[in-house]
Amino acid sequence: MALADKGKSMLSDNFFDEIGGYPCLRRVHNLLYTKLFTHPWLKGFFAHTKRDVVESQQTDFWASLMGGPKIYGGRSPRDAHVHMFLPGEVFAIRHDLLAETLVEAGVAPLLREKWLALDAQFERAIVNKSLDECHGRYRTEAVIIVPRPADGK
Ligand code: HEM
């Protein structure tokens, strides 16, 4: 099923408007990326990433998935993360940080529930069971491995 169809089947047609459109997505992703870029373990995955770029890509990606403007023209989630070894714990930490963020951003409980259900659907595309599943996105790109630090929470 195409990504946009997957989103549509879970959400009402006007989910993007219900959450408050781009201002809400920008507020949520600003808070979320502050947490991701300072998390003792997850920040390692973003060491070579420009925050403003990834934040706006994320905002456009979710806008298109939620029934808003179709501006996102980047990679699919699987292709965007294939060069990182991302175990299930990393996905779960990010998912919990998103849950925390949605409360802080004032998103209503029912909308939070739907948003998180949609987010959870990407687990299979993003999580790797072994290093063999990872490779650079271009020939010379190295695979990023970030071991869990002692204070990795
Ligand atoms: C529902 C889960 C997730 C979704 C939907 C998602 C989506 C995306 C998208 C759309 C991009 C931009 C793609 C492009 O390059 O065109 C991206 C980039 C990125 N994501 Fe995720 N992501 C998710 C989870 C994660 C997790 C768990 C991590 C690791 C902590 C992560 C780390 C990154 C990094 C580091 C980049 C930037 C890559 C670069 O600098 O080229 N993502 N993500």
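A residue is taken as buried if 20 or more other C-beta atoms lie within 10 Å of its own, as exposed if 12 or fewer do, and as partly exposed in between. In the predicted model described here, G106 has 10 C-beta neighbours inside 10 Å and therefore counts as exposed. G106 is located in the loop that runs between α6 and α7, the latter spanning residues 109-120. Between the C-alpha atoms of G106 and R148 there is a distance of 31 Å, with 42 residues separating the two in sequence.

At the level of the whole chain, the secondary structure consists of eight helices and zero strands, and the order of elements from the N terminus is accordingly α-α-α-α-α-α-α-α. The chain is as compact as a globular protein of its length, because its radius of gyration of 15 Å is close to the 15 Å that the globule rule gives for 153 residues. Along the principal axes, the C-alpha atoms occupy a box of roughly 40 × 35 × 25 Å. Of the 153 residues in the chain, 18% are buried. Among contacts with a sequence separation of 6 or more, 76% are made by residues that lie 24 or more positions apart.

In soluble globular proteins, nonpolar side chains tend to be buried together. The largest nonpolar core of this chain comprises 17 residues, among which W62 and M66 touch the most other members. At least two residues of this core are supplied by each of α2 (15-19), α3 (21-38), α4 and α6, and the largest share, amounting to five residues, is contributed by α3.

Two residues of helix α3 illustrate its surroundings. L25, which lies in α3, has 23 C-beta neighbours inside 10 Å and for that reason counts as buried. When neighbours within four places in sequence are left aside, L25 is in contact with T59, W62 and A63. The C-alpha atoms of L25 and Q58 are 8.8 Å from each other, although 33 residues separate the two along the chain. Y33, likewise found in helix α3, counts as partly exposed because 19 C-beta neighbours fall inside 10 Å. Not counting residues up to four places away in sequence, Y33 touches R51, V54 and E55. A distance of 26 Å separates the C-alpha atoms of Y33 and S130, which are 97 residues apart along the chain.

Helix α4 has 15 residues and extends 21 Å from its first C-alpha to its last, a span close to the 21 Å expected at 1.5 Å a residue. Its buried residues are E55, T59, F61, W62, A63 and L65. An α-helix has 3.6 residues a turn, so residues three or four places apart point the same way. After α4 comes G67, a residue with a positive phi near 100 degrees.

For helix α6, the environment of I93 was examined; this residue is found within the helix and, because it has 18 C-beta neighbours inside 10 Å, counts as partly exposed. Apart from its neighbours within four places in sequence, I93 is in contact with H39, W41 and L42. I93 and L36 are 57 residues apart in sequence, yet their C-alpha atoms are separated by 9.3 Å in space.

The surroundings of the ligand were considered next. The ligand is surrounded by 20 residues, of which T49, G74, R75, A80 and F122 are the closest. Two or more residues of this shell come from each of the elements α4 (51-65), α5 (77-81) and α6 (88-104). With four residues, α4 gives the most to the shell around the ligand. Divided by class, the shell holds 12 nonpolar, five polar and three charged residues.

Taken together, helix α4 contributes at least two residues to the largest nonpolar core and also gives the most to the shell around the ligand. Helix α6 likewise supplies at least two residues of that core and is one of the elements that give two or more residues to the ligand shell.

Methods
Residues numbered from 1 in each chain as written. Predicted model: local features only at pLDDT ≥ 70, side-chain atom pairs only at ≥ 80, totals over all residues. Near = placed C-beta within 6 Å. Nonpolar A, V, L, I, M, F, W, Y, C, P; charged D, E, K, R; others polar. Core = buried A, V, L, I, M, F, W, Y, C linked by C-beta atoms within 7 Å. Rg over C-alpha atoms; globule rule 2.2 N^0.38 Å. Contact = placed C-beta atoms within 7 Å. Expected span 1.5 Å × (residues − 1).
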